[in-house]
Amino acid sequence: MRTPIQERREIFVRGIVQGVGFRPFVYALAQRHRLTGLVRNDAEGVHIEVEGPAEDLELFLQNIEEKPPPLAVVEAVSWRPLAVARERDFRIEESREGVRRRALVSPDVATCEECLDELFDPADRRYRYPFTNCTNCGPRFTITRSVPYDRAMTTMAHFEMCPECLNEYDDPSDRRFHAQPNACPVCGPRVRLRDRFGRELHGKPEDPILHTARMLRGRAVVAIKGLGGYHLACDPFDSKAVRTLRARKVRQDKPFALMARELEQVRELCRVGPKEEALLTSPARPIVLLERRESCEVAEEVAPRQNTLGVMLAYTPLHHLLLYDAGVPLVMTSGNNSDEPIAYRDEESFEQLGEIADYFLIHDRPIHMRCDDSVARIVDRETYQLRRSRGYAPAPLRVVERFDRHTLACGGELKNTFCVAKERHVFLSHHIGDLENYETLRSFREGVEHYCRLFDVQPELVAYDLHPEYLSTKFARELEEAGLRAVGVQHHHAHVASCLADNERPSEERVIGVALDGTGYGTDGAIWGGEFLEGSIREGFARRAHLEYVPMPGGTAAIREPWRMALAHLITLYGEEEALKLPLAVVRRAGERNVRLTARLVEHNVNTPPTSSAGRLFDAVAALVGVPGSRRITYEGQAAVELELAASGPASLGYPFWLQQNDEGWVVETRGIVAGVVEDLLAGREVAEISAMFHRAMAEVVAAGCNEIRGAGGASAVALSGGTFQNVLLLRQVSELLEECGFAVYRHRRVPANDGGLALGQAVLVNDLLRVMG
Ligand SMILES: [Zn+2]
Ligand SMILES: [Zn+2]
């Protein structure tokens with residue numbers, strides 16, 4: 001028998017291919033095809049040399065491209081011929097020291113089925129071991145201090161593997177081959193139960209997890225150290241327990257998330273379609289917003305007045321054990337005081353959460369990077385991100401245009417994320433939070449440094465929001481003073497660019513960008529937020545239309561107390577004296593004094609900036625119809641959220657509005673809408689109907705604006721962005737109307753429409769701008 005002609009090839013694989021079981025996969029593949037050679041991690045990914053008959057090499061390559069391990073993201077495979085070496089076997093080689101800086105760090109991954117089976121198998125040596133993991137699952141990003149991704153660079157460094165673990169770690173045929181966080185009850189991290197002062201409990205419980213589960217069923221609030229930080233847990237079926245948690249956390253209305261052990265439990269609470277199921281069980285395990293069943297017995301206090309519940313499935317072995325022992329789903333909300341970032345350092349957690357939690361279930365594997373749970377929902381069978389964080393970050397987002405320079409984009413103020421970018425990758429950070437206090441700012445700074453180190457980025461270019469008071473802007477200015485080139489980007493331009501980059505649209509594509517949100521600093525000093533832009537990433541955007549300016553009495557006070565916006569509208573529409581006479585609840589509650597005070601602010605223009613914000617218009621209408629949150633909001637966007645909830649569903653008729661043309665474009669006069677709402681209220685129409693008609697009117701505003709712009713020679717594709725588009729009732733109607741008018745519609749997919757996606761838009765805009773300007 002003649003041996004076929006042998007060839008040798010050198011293959012390079014790029015993408016997320018380290019720490020995801022890629023080398024054992026290549027090893028097994030080579031064995032199967034009886035090929036010889038070697039595989040090792042290199043600076044940018046995986047390097048393979050492989051030798052055998054040409055046909056087999058082709059199959060080998062095809063398998064790598066088409067059937068990589070589940071967690072791998074293969075971005076490019078290239079090869080070149082080498083001289084035949086005639087080896088006897090295929091081997092896995094150690095990485096070469098100090099060269100692996102550019103490989104990508106994987107996000108954290110939910111516990112896999114095989115690890116779960118072992119976890120609940122009394123015969124297994126990892127039976128009920130809360131830190132079991134393998135190459136297919138476990139912590140990654142949150143434990144990584146630096147690159148290369150090796151145990152020594154993770155927070156597992158101080159745990160020395162026992163001989164059995166070491167055997168698994170060294171065996172290419174084992175599921176734990178080079179699983180960096182590999183551990184077992186003999187050698188790995190341990191859980192401990194503490195009281196709220198950090199002291200051990202009397203009579204030291206045998207099994208801290210079982211004990212915790214029992215206390216949770218007995219109305220306790222327990223702080224639980226998880227993957228990216230602490231959660232606060234309690235029994236969601238016990239109103240008293242939930243009320244206690246709300247009172248101690250000083251969190252009045254914002255919904256709490258639940259964690260369930262398995263899908264069946266979720267189905268009992270909520271409706272779960274196939275797309276929701278796929279999202280719930282995906283390795284990222286986000287919190288998924290689901291429609292609550294009428295029969296659901298979860299206490300009303302978990303998500304007051306909401307028709308949805310945010311539910312996630314257990315994603316660490318510790319969660320699986322706890323939920324198994326508890327027997328019911330649990331409230332699992334971020335372990336923080338209202339405005340602070342989530343607690344993640346043990347020393348600080350007792351101080352931060354000691355007033356909230358009765359007990360602490362802690363462990364000795366440090367969390368290096370704080371990372372909140374992600375939040376998403378399904379809209380029209382597509383994933384719609386609301387908070388992109390754990391499980392997604394720091395996976396790169398591919399973009400169409402190459403970055404000429406290493407770039408840092410600082411994002412906005414609320415729901416901040418930043419990003420670093422190079423080549424065709426944007427690394428959008430995990431959720432940092434509202435940059436309003438020292439703690440969050442510190443975590444922003446540390447985050448930026450960490451991402452630069454992990455992804456080997458040395459920023460030359462810095463993008464920031466034009467708002468001079470944003471802490472992220474001030475941070476960018478500091479870098480500018482240190483010699484970097486910094487470019488300010490208008491808030492809504494960044495939103496529209498983010499939506500385009502999210503959809504991987506080419507830079508030169510012209511679109512109409514509709515950016516609706518609460519607050520963005522406008523180039524005329526006004527507060528924008530109801531913007532119709534036109535242009536492309538390449539040429540930049542021009543403002544073609546906007547909602548009419550309305551006074552925002554008291555500035556940020558009007559954001560906190562939406563009734564102030566309602567009064568501003570009424571005074572503008574009817575005049576002070578007439579407004580006072582209106583038999584409306586919002587006027588009565590505000591009282592004559594507040595109406596007159598508001599009128600003075602508007603009249604003398606004192607701390608009353610003009611705003612075109614769609615968010616504030618939603619607030620005004622929410623206050624007119626009197627949703628509970630319109631007195632004083634307890635979380636961002638609350639009044640608008642409640643207005644959406646109040647709607648009876650999509651309406652076919654809206655309120656009247658006009659488009660007024662001027663030299664610069666169009667102004668949408670929204671006073672007809674507000675007047676219509678007032679008339680209907682006075683006529684005793686149901687709030688549910690009024691809200692539905694208002695949503696319809698806003699959808700018609702968007703369609704009308706886009707039609708005018710297209711009619712004047714504008715583009716025929718529309719990008720929808722901004723926090724207001726988290727309103728699904730609005731989003732759906734806008735999309736429908738635009739599609740009926742023949743527009744192509746781009747909505748967000750990979751990053752949130754809110755400010756959590758802003759940095760992506762900033763980055764792609766400055767990249768193109770500098771390309772033009774040089
Ligand atoms: Zn596993
Ligand atoms: Zn061990």
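This passage describes two metal sites, one helix, a group of aromatic rings and several individual residues in a predicted model.

The metal sites are taken up at the outset. The zinc ion (ligand 1) is coordinated by the SG atoms of Cys112, Cys115, Cys134 and Cys137, at distances of 2.3 to 2.4 Å. The angles that these four donor atoms subtend around the zinc ion (ligand 1) run from 104 to 116°, and the arrangement is therefore tetrahedral, since four donors are given that name if all angles lie between 85 and 135 degrees. Along the chain, the donors of the zinc ion (ligand 1) follow the spacing C-x2-C-x18-C-x2-C. Of the residues that supply these donors, Cys134 and Cys137 are buried.

The zinc ion (ligand 2) has as its protein donors the SG atoms of Cys162, Cys165, Cys184 and Cys187, which lie 2.2 to 2.3 Å from the ion. The angles among the four donor atoms are 105 to 116°, and the site of the zinc ion (ligand 2) is tetrahedral. The spacing of the donors of the zinc ion (ligand 2) along the chain is C-x2-C-x18-C-x2-C. Within this site, the pair Cys162 and Cys184 links distant parts of the chain, with their positions 22 residues apart: Cys162 is in the loop between helix H3 (113–119) and helix H4 (163–170), whereas Cys184 is in the loop between H4 and strand S6 (191–195). Cys162 and Cys184 are both buried.

Helix H12, which spans residues 471–481, has Ser472, Thr473, Phe475 and Ala476 as buried residues. When H12 is viewed down its axis, its buried residues fall within an arc of 160°, and they therefore line one face of the helix. A general property of helices is helpful here: an α-helix has 3.6 residues a turn, so residues three or four places apart point the same way. The buried residues of H12 pack against several elements, namely strand S17 (397–409), helix H11 (438–454), strand S19 (461–465) and strand S20 (485–489). Just after H12, Gly483 takes a positive phi of about 110°.

Phe475, one of the buried residues of H12, also belongs to a cluster in which ring pairs link Phe141, Phe418, Phe427, Phe444, Tyr451, Phe455 and Phe475. In general, a pair of aromatic rings is described by the distance of the centres and the angle of the planes. With pairing taken to require ring centres within 6.5 Å, the count comes to 13 aromatic pairs. For Tyr451 and Phe455, the ring centres are 5.8 Å apart and the planes stand at 55°, so the pair is tilted. Tyr451 is buried, with a relative accessible area of 0%, and Phe455, with a relative accessible area of 2%, is buried as well.

Several loop positions have notable backbone geometry, and a general expectation provides the background: most residues other than glycine have a negative phi, and most peptide bonds are trans. Arg285, in the loop between helix H8 (274–281) and strand S11 (287–292), has a phi near 45°, a positive value in a residue other than glycine. At 10% relative accessibility Arg285 counts as buried, because that value is under the 20% limit. Lys415, which is found in the loop between S17 and strand S18 (419–428), likewise has a positive phi, of about 50°, although it is not a glycine. Lys415 is partly exposed, with a relative accessible area of 23%. The peptide bond from Ala393 to Pro394 is cis, with omega near 5°, and Pro394 is found in the loop between strand S16 (382–387) and S17.

Two further residues concern the part of the chain around helix H1. Gln18 lies in the loop between strand S1 (6–16) and helix H1 (22–32), and at 5% relative accessibility Gln18 counts as buried. The side chain of Gln18 reaches the backbone oxygen of Asp42 at 3.1 Å. Ala28, by contrast, is found in helix H1 itself and counts as partly exposed, at 38% relative accessibility. Although Ala28 and Pro172 are 144 residues apart along the chain, their C-alpha atoms are separated by 8.4 Å.

How values were computed
Residues are numbered from 1 along each chain as its sequence is written. Chains are lettered from A and ligands numbered from 1 in the order in which they are written. This is a predicted model: local features need pLDDT of at least 70, side-chain atom pairs count only at pLDDT 80 or more; totals for chains, interfaces and linings use all residues. Side-chain values use heavy atoms; hydrogens and water are left out. Helices (H or I, at least four residues) and strands (E, at least two) are DSSP runs, numbered from the N terminus. Buried means under 20% relative accessible area, exposed over 50%, partly exposed in between (1.4 Å probe, protein chains only). A polar contact is a pair of N or O atoms within 3.5 Å; within protein, one must be able to donate a hydrogen and the other to accept it, and residues adjacent in sequence count only if both atoms are side-chain atoms. The arc is that of the directions from the helix axis to the C-beta atoms. Contact means heavy atoms within 4.5 Å. Donors are N, O and S atoms within 2.8 Å of the metal (3.2 Å for Na, K and Ca); water is not among the atoms, so sites may look incomplete. Four donors count as tetrahedral if all angles lie between 85 and 135 degrees; four count as square planar and six as octahedral if opposite donors are over 155 degrees apart and all others between 65 and 115; anything else is irregular. Rings of Phe, Tyr and Trp (its six-membered ring) pair if their centres lie within 6.5 Å; planes under 30 degrees apart count as stacked, over 60 as edge-to-face and the rest as tilted.
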